[in-house]
Amino acid sequence: MIDFKNRYSARKIGTKFGVYDKRVKSIVWYTKSKDENESVCKKLNNGSGFQGEIPNFFNENKHLTKGLTT
């Protein structure tokens, strides 16, 4: 089993919040809500979603710039 604890960190980027993936060294999630961002980060660190791995389509910057949440 892969341990994902502390792989992701919640960060503030300008007026948005993001989840930073330390392994791939990039932001994998943007939101305007601090609470939602921290919740997603915690879930990813506990192995939730995508069977623990984030697929490439989720990491692509073109999706991040559009904003996945409001």
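**Exercise 1.** Leaving aside its neighbours within four places in sequence, with which residues is Ile-13 in contact? Then place Ile-13 in its strand and classify its exposure.

*Solution.*
1. The coordinates come from a predicted model.
2. Ile-13 belongs to strand β1.
3. Once neighbours within four places in sequence are set aside, the contacts of Ile-13 are Gly-18, Ile-27 and Tyr-30.
4. Take Ile-27 from that list. Ile-27 and Ile-13 are separated by 14 residues in sequence, and their C-alpha atoms are 9.7 Å apart in space.
5. The relative accessibility of Ile-13 is 30%. Partly exposed covers the range between buried, under 20%, and exposed, over 50%. Ile-13 therefore counts as partly exposed.

**Exercise 2.** Work out the order of the strands in the sheet and the sense of their pairing.

*Solution.*
1. The sheet is open and has three strands, in the order β1-β2-β3, with antiparallel pairing.
2. Its edge strands are β1 and β3 (26-31), each of which pairs on one side only.
3. From one strand to the next, the twist averages 30 degrees.
4. Between β1 and β2 there are six bridges, in the antiparallel sense. Ser-9 has Tyr-20 in β2 as its bridge partner.
5. Strand β2 (residues 16-21) pairs with β3 over five bridges, also antiparallel. Across this pairing, Phe-17 stands opposite Thr-31 in β3, and Gly-18 faces Tyr-30 in β3.

**Exercise 3.** Which residue takes a positive phi in the hairpin of β1 and β2, and which in the hairpin of β2 and β3?

*Solution.*
1. The hairpin of β1 and β2 has two residues between the strands, and in it Gly-14 takes a positive phi near 65 degrees.
2. The hairpin of β2 and β3 has four residues between the strands; here Lys-25 takes a positive phi near 55 degrees.

**Exercise 4.** Why is β2 largely enclosed by the rest of the structure? Add the placement of helix α1 relative to the sheet strands.

*Solution.*
1. Count the buried residues of β2: five of the six are buried.
2. β2 is therefore largely enclosed by the rest of the structure.
3. Helix α1 (residues 34-45) lies across β1, β2 and β3 and runs at about 160 degrees to β1.
4. Asn-46 is found in the loop between α1 and α2 (56-59). With a relative accessible area of 45%, Asn-46 is partly exposed.
5. Asn-46 and Arg-7 are 39 residues apart in sequence, with 9.6 Å between their C-alpha atoms.

**Exercise 5.** How many aromatic pairs does the structure hold, and which charged end sits over the ring of Tyr-20?

*Solution.*
1. The number of aromatic pairs is zero.
2. Over the ring of Tyr-20 sits the charged end of Arg-11, 3.8 Å from the ring centre.
3. Tyr-30 has the charged end of Lys-16 over its ring, 5.7 Å from the centre.

**Exercise 6.** In which element is confidence lowest, and in which is it highest?

*Solution.*
1. Begin with the whole protein: its average pLDDT is 76, and 63% of the residues score at least 70.
2. The lowest confidence is in helix α3 (residues 61-66), with a mean of 50.
3. The highest is in strand β1 (residues 8-13), at 91.
4. Where pLDDT is low, predicted coordinates should not be read in detail.

Technical notes
Residues are numbered from 1 along each chain as its sequence is written. This is a predicted model: local features need pLDDT of at least 70, side-chain atom pairs count only at pLDDT 80 or more; totals for chains, interfaces and linings use all residues. Side-chain values use heavy atoms; hydrogens and water are left out. Rings of Phe, Tyr and Trp (its six-membered ring) pair if their centres lie within 6.5 Å; planes under 30 degrees apart count as stacked, over 60 as edge-to-face and the rest as tilted. A charge sits over a ring if NZ of Lys or CZ of Arg is within 6 Å of the ring centre and within 35 degrees of the ring normal. pLDDT is the predictor's confidence in each residue, from 0 to 100. Two strands pair if DSSP finds at least two bridges between them. Axes are lines fitted to C-alpha atoms, for helices over the stretch in contact, and angles run from 0 to 180 degrees between N-to-C directions. Contact means heavy atoms within 4.5 Å. Buried means under 20% relative accessible area, exposed over 50%, partly exposed in between (1.4 Å probe, protein chains only).
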